[in-house]
Amino acid sequence: MFGKVLIANRGEIALRVHRACQEMGIRTVAVHSTADATAMHVRLADESVCIGPPPARDSYLNVAAILSAATITGADAVHPGYGFLSENARFAEMVEAHGLKFIGPSPDHIRMMGDKIAAKDAMRRLDVPLVPGSPGALDSLDEARAIAEQIMYPVLIKAAAGGGGRGMKVARDASEIEEAWRVARTEAKSAFGDDSVYLEKYLDRPRHIELQVLADNHGNVVHFGERDCSLQRRHQKLVEEAGSPVLTAADREALGARVTAGLSKIGYRNAGTLEFLWQDGQFAFIEMNTRLQVEHPVTEMVAGIDLVKEQIRIAAGEPLGYTQTDIRFNGHAIECRITAEDPETFAPSPGRVNTYHAPGGLGVRVDSALYSGYTVPPHYDSLVAKLIVHAPSRPEAIARMRRALNEMVVAGIRTTLPLHQAVMDDAEFQSGDYTIHWLERFVASRQG
Ligand code: MV4
């Protein structure tokens, strides 16, 4: 096992990784920008190294500084967290080239899944269900037209290098295809430096359901069930649940079996998440993320597993000590992402947190790097706390979340706590019957 792990991240996820390391007897190295010198992840780590000025490109994305920090502190491995360098195949390669272990998938798999067309190609070959669409990149507008006629409008043109909603254009009918083709390619070129695009049937009222997997270096692949992440606004998730209110155990097992068999064939390793759209009882793969995700705690609560410890053990070469049939799902978990934003306008609200009080009690977990007197810097993601609850059933989890939200205090800055309270109080949310479009309308109705 590793003696020392460098955590190439900040905020709650750096803390999350640190906690797993501590319990495993592994020492930790925090890296931080000058804006984060007093951050909780720096305070708790065994050692810390300043890697640059506040802008992420000069610090948390500064590969040379991070690798130097790993070398001078004698770290054995690097955990990238999420965001920043977590899905950068080149970074994973450089970590390994410096004689360190990258706690994540192989560079080749990171690269494959980063190319959304290559990812779909792989899943097609592995018999994972896909959204109907072009067999690969579109070569011409004529090809786009022909495929759209065949699979029927509406269609979506997406950037191959995209993901997370960037570089996507809908064509509702034949009159819109030329414009969608042109705009998608232009946006893809300017955002990613790559104008390759592909086409899919546009699903107009899906849920976003993702499957968590883990694979070791010995051919074992298991899944930990799904998360329902349909409650999002502008591609920012607000609330996630495990399991999905719409899925049966049989659906979960069928999809899980298909996916784990497929990933075993391509030799995937470490953690991964497959994103699906779910509509009319059908799953359709859209993308795969090759990192630990923000919302991983809801899976941990229902599956009774520590995904970060598993990632570390896998990277150290240990086999999974269990098989799929050992994995059981218990109750229901919900996560609220609390951000330093105005709860109505979503304007960023960095600044000093005068008072921070975390809720507690049975079935309540808070993943946060906040403390009373901490100043939320303006340079990074606005996530300040994840409030996670676990209870025997979805209604009990909602009741527990409402209670925990009431207890929680983050004073001095604006946060999305009031929005979360309104969502939990809403009868439609409680019914479980919503799509990816529900939250946008809910927010608009609150703005009046
Ligand atoms: C789609 C779609 C409808 N049909 N693909 C948005 C982010 C990216 N990961 C994929 N996205 C979508 N792809 C087809 N064929 C609708 C979305 C989408 C979405 C997906 C998941 C969660 C929230 C979303 C919000 C808007 C659009």
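**Ligand shell.** I began with the ligand and listed the residues around it: there are 18, and K158, E200, K201, L203 and E287 come nearest. I note at once that this is a predicted model, and I read every distance below with that in mind. Sorting the shell by class, I found 8 nonpolar, 5 polar and 5 charged residues. I then asked which strands supply at least two residues each to this shell, and the list reads β6 (155-163), β8 (197-201), β12 (270-279) and β13 (282-289).

**Polar atoms at the ligand.** I looked next at the nitrogen atoms of the ligand and what faces them. An N or O atom in the side chain of E200 is 2.9 Å from a ligand nitrogen, and a polar side-chain atom of E287 also lies 2.9 Å from a nitrogen atom of the ligand. For L203 I had to turn to the backbone, where a polar atom is 3.0 Å from a ligand nitrogen. The ligand on its own has 520 Å² of accessible area, and the protein covers 92% of it.

**Helix α3.** Which residues of α3 are buried? Within this helix, which runs over residues 63-73, I recorded V63, A65, I66, L67, A69, A70 and T73 as buried. I followed their packing and found that these buried residues lie against three strands and a helix, namely β1 (4-7), β2 (27-33), β3 (47-52) and α4 (89-97). Just after the end of α3 I noted G74, which takes a positive phi of about 70 degrees.

**Cysteines.** I searched the whole structure for disulfides and the search returned 0. Why does C336 form none? The closest cysteine sulfur to that of C336 belongs to C229 and is 13 Å away, so the two are too far apart for a bond. I also checked exposure: C336 is buried, since its relative accessible area is 0%, while C50 counts as partly exposed because its relative accessibility is 42%.

**E310.** I ended on a glutamate in helix α11 (residues 307-315), E310. Is E310 buried or exposed? E310 counts as buried because its relative accessibility is 8%, the cut-off for buried being under 20%. I then looked for a polar partner and found that the side chain of E310 makes a polar contact with the side chain of Y322, at 2.5 Å. Setting aside neighbours within four places in sequence, I listed the contacts of E310 as L214, I305, L320 and Y322, so that Y322 appears both in this list and as the polar partner.

Technical notes. Residues are numbered from 1 along each chain as its sequence is written. This is a predicted model: local features need pLDDT of at least 70, side-chain atom pairs count only at pLDDT 80 or more; totals for chains, interfaces and linings use all residues. Side-chain values use heavy atoms; hydrogens and water are left out. Buried means under 20% relative accessible area, exposed over 50%, partly exposed in between (1.4 Å probe, protein chains only). Helices (H or I, at least four residues) and strands (E, at least two) are DSSP runs, numbered from the N terminus. Contact means heavy atoms within 4.5 Å. A disulfide is a pair of cysteine sulfur atoms within 2.5 Å. A residue is near a molecule or strand if one of its heavy atoms lies within 4 Å of it. A polar contact is a pair of N or O atoms within 3.5 Å; within protein, one must be able to donate a hydrogen and the other to accept it, and residues adjacent in sequence count only if both atoms are side-chain atoms. Accessible areas come from the Shrake-Rupley method with a 1.4 Å probe; for residues, only the protein chains shown count as cover. Ala, Val, Leu, Ile, Met, Phe, Trp, Tyr, Cys and Pro count as nonpolar, Asp, Glu, Lys and Arg as charged, and the others, Gly among them, as polar.
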